[in-house]
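This report looks at one pocket, the nonpolar cores and one helix of the structure shown below.

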Amino acid sequence: MNKYKSLHKWMLVPMVFMQFGIFKDYWGDFSDNAWSVHIHYFTGTVWYVYLIIQPYFATHGQMSRHRTNGIIGMFIAGGVCLTALSMLHRDIVTTERSLAMPEQFGPFQPWFFFGVAAVEIVMMTAFGYAVIKSILHRKEIENHAWWLISTVFVIMMPALGRGIQNLYVGMNRQDWPNVNIMIPLYFTQLMIIGMLLFGAWKYNKLKHPATYLALGVNLFIFLLEPIGRSENVQLLLKALIKG
């Protein structure tokens, strides 16, 4: 337990990265965001906060508070997962808008949003699995803690990737619409994998199943473009995700 005494401080790092990534995209057009976007943003943010305060409670003699907040935290985790899945239809609608108004979307063609929807399904499935595993191993501190910590790296991409992508597009605005929008996402994935492996190394969890899961999800995201361009995937997503 002692090796986790400073974990709450380390968990501030991914929280800062997540907020940096999503800050302009969310707060920049706050009033224009759909209700589902607001709910997902705040449940996701609260989940990150819980992953900071829960290790603190557990390692600073406040186990009763840790257990109580843990029950509430599982409710929050369900909110994160379900609100993310409920927003998938938004991605499908965006594919239609980008097809109808290509001059407005530029390099963000329909395949990109199909790819985003596909990888988000994988991310949220992995997130839910990790949370359930943390519940099943709640009496095994080492496993319980690392399954929960891994969820940070499983779902970090959309927020951080959006911020880095917006920054990259802004820096290359003169080349619009001929901007490679995947370069910043590849860079994002390398950052996330780097943070994951550093954390796993620090807490001796490089060979933990949760580490493999988070690593697998982030490697899968490198396939976003070919998956999004697949006509079969596009047809499947249109059939599954309907408004």
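In this predicted model, the second largest pocket has a volume of about 580 Å³. Its lining comprises 27 residues, of which Gln54, His66, Gly70, His144 and Leu148 are the closest to the pocket centre. Two or more lining residues come from each of α3 (35-59), α4 (63-86), α7 (110-136) and α8 (141-154), and α4 gives the most, with 8 residues. By residue class, the lining of this pocket divides as follows.

| Class | Residues in the lining |
|---|---|
| Nonpolar | 17 residues |
| Polar | 8 residues |
| Charged | 2 residues |

The largest nonpolar core holds 58 residues, and among these Trp47, Phe112, Phe127 and Phe153 touch the most other members. The elements that supply two or more residues to this core are α2 (12-27), α3, α4, α7, α8, α9, α10 (182-202) and α11 (209-220), with the largest share, 11 residues, coming from α7. Leaving aside residues up to four places away in sequence, Phe127 touches Trp47, Ala77, Val80, Cys81, Thr151, Val154 and Ile155. A second, separate core of 8 residues includes Ile92, Phe114, Ala117 and Leu237.

Helix α9 can be checked for its length: at 1.5 Å a residue, its 15 residues (157-171) should span 21 Å, and the C-alpha atoms at its ends are 20 Å apart, which agrees with that expectation. Within α9, the buried residues are Met157, Ala159, Leu160, Gly161, Gly163, Ile164, Gln165 and Val169.

Key: Residues numbered from 1 in each chain as written. Predicted model: local features only at pLDDT ≥ 70, side-chain atom pairs only at ≥ 80, totals over all residues. Heavy atoms only, no water. Helix = DSSP H or I, 4+ residues; strand = E, 2+ residues; numbered from the N terminus. Expected span 1.5 Å × (residues − 1). Buried < 20%, exposed > 50% of the residue type's maximum accessible area, 1.4 Å probe, protein only. 1 Å grid on protein atoms, 1.4 Å probe; cavity = no way out; pocket = protein on both sides within 12 Å on 5 of 7 lines; lining within 4 Å. Points joined across faces, edges and corners; volume = space filled by probe spheres on them. Nonpolar A, V, L, I, M, F, W, Y, C, P; charged D, E, K, R; others polar. Core = buried A, V, L, I, M, F, W, Y, C linked by side-chain atoms within 4.5 Å. Contact = heavy atoms within 4.5 Å.
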